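Here is a short briefing on how two chains meet. Take a look at the model first.

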Amino acid sequence: MSSSLVRQDLVPIVSGYLILMAALGVGLWLSRRPARAERSSRRGWPRLLRHLAGTAVGGYVLLMAIVVLYYYLVARVAGSFLDSAVTGCATLIGLSLPVFAGASWLAERRSGRRARARVSADDQAPAEGRPRHD
Amino acid sequence: MLSHPVIGYLVWAVLFGALFAWEGLALSHLSGTVPTLSATFRAIMRYPFGRWALFALWLWFGWHIFLRGWHFLLRG
């Protein structure tokens, strides 16, 4: 196996695998610990948007850090590799986050409407079946 | 691209088959000890760094599959 193959292919794949498995290991360890009280009292849309933004920014920064390290330490990939990574991943986030937020809003609206319909049906049902005392 | 030996594709097919078989076993609850893929991802997503790592993996995959080497039709 040539050293360039090890540097350019094996090292990134093994590194990605180790990062993911470390994340899994910590997640399993945390799931076996007693649950802590919720720190944030925020609920609803502000919490969801904060969660989404945090995940998107964190994931983007992590990937860019890996890409930049790969480019400068492992292999100078040709074809505007860094430009493509920065703009391409930002494009994906720009496309997916509004779609996800819109889909969440629609799902929330539908479930809210369904819950309201159920409540009004429950309100009507006992009134119809209630015995008369007059 | 299709000039690779068939055995290489067969290995991928077997690996994906094993993945689906393992997930099927987990979903069937025949063995209560096998976690599903979603349970595994849920364990990773319990804390911010795990979510970032998974999101970075998703971004990397999407970038490679859909965007890398792709140009706007009107460009050039």
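The points below cover one helix, the interface, and two helix pairs.

This is a predicted model, in which local features need pLDDT of at least 70, side-chain atom pairs count only at pLDDT 80 or more, and totals for chains, interfaces and linings use all residues. Residues are numbered from 1 along each chain as its sequence is written, while chains are lettered from A and ligands numbered from 1 in the order in which they are written.

**Helix 1 of chain A**
- Helix 1 of chain A covers residues 3-31, 29 residues in total. (Helices are DSSP runs of H or I with at least four residues, numbered from the N terminus.)
- Its first and last C-alpha atoms are 40 Å apart, close to the expected 42 Å (1.5 Å times one less than the number of residues).
- The helix bends by about 35° at A:Leu10 (the angle between axes fitted to the seven residues ending there and the seven starting there).
- A proline, A:Pro12, follows within four residues.

**The interface**
- Chain B puts 20 residues in contact with 23 residues of chain A (C-beta atoms, placed from the backbone, within 7 Å).
- On the chain B side, helix 2 (37-44) and helix 3 (48-67) each give two or more residues.
- Helix 3 of chain B gives the most, with 14 residues.
- The chain B side has 14 nonpolar, 3 polar and 3 charged residues (Ala, Val, Leu, Ile, Met, Phe, Trp, Tyr, Cys and Pro are nonpolar; Asp, Glu, Lys and Arg are charged; the others, Gly among them, are polar).

**Helix 1 of chain A with helix 3 of chain B**
- These helices pack at about 150°, with axes 9 Å apart (axes are lines fitted to C-alpha atoms over the stretch in contact; angles run from 0 to 180 degrees between N-to-C directions).
- The pair is therefore roughly antiparallel (over 145 degrees).
- Contacting residues include A:Ile19 and A:Ala23 on one helix, and B:Phe49 and B:Leu57 on the other.
- By class, this contact has 7 nonpolar, 2 polar and no charged residues.

**Helix 2 of chain A with helix 3 of chain B**
- Helix 2 of chain A (residues 45-74) and helix 3 of chain B cross at roughly 65°, their axes coming within 7 Å.
- They are therefore roughly perpendicular (65 to 115 degrees).
- Among the residues that meet are A:Gly58 and A:Tyr60 of chain A, and B:Arg51 and B:Trp52 of chain B.
- This contact has 11 nonpolar, 4 polar and 1 charged residues.

How values were computed
Two residues are in contact if their C-beta atoms, placed from the backbone, lie within 7 Å. Angles under 35 degrees count as roughly parallel, over 145 as roughly antiparallel, 65 to 115 as roughly perpendicular and the rest as oblique.
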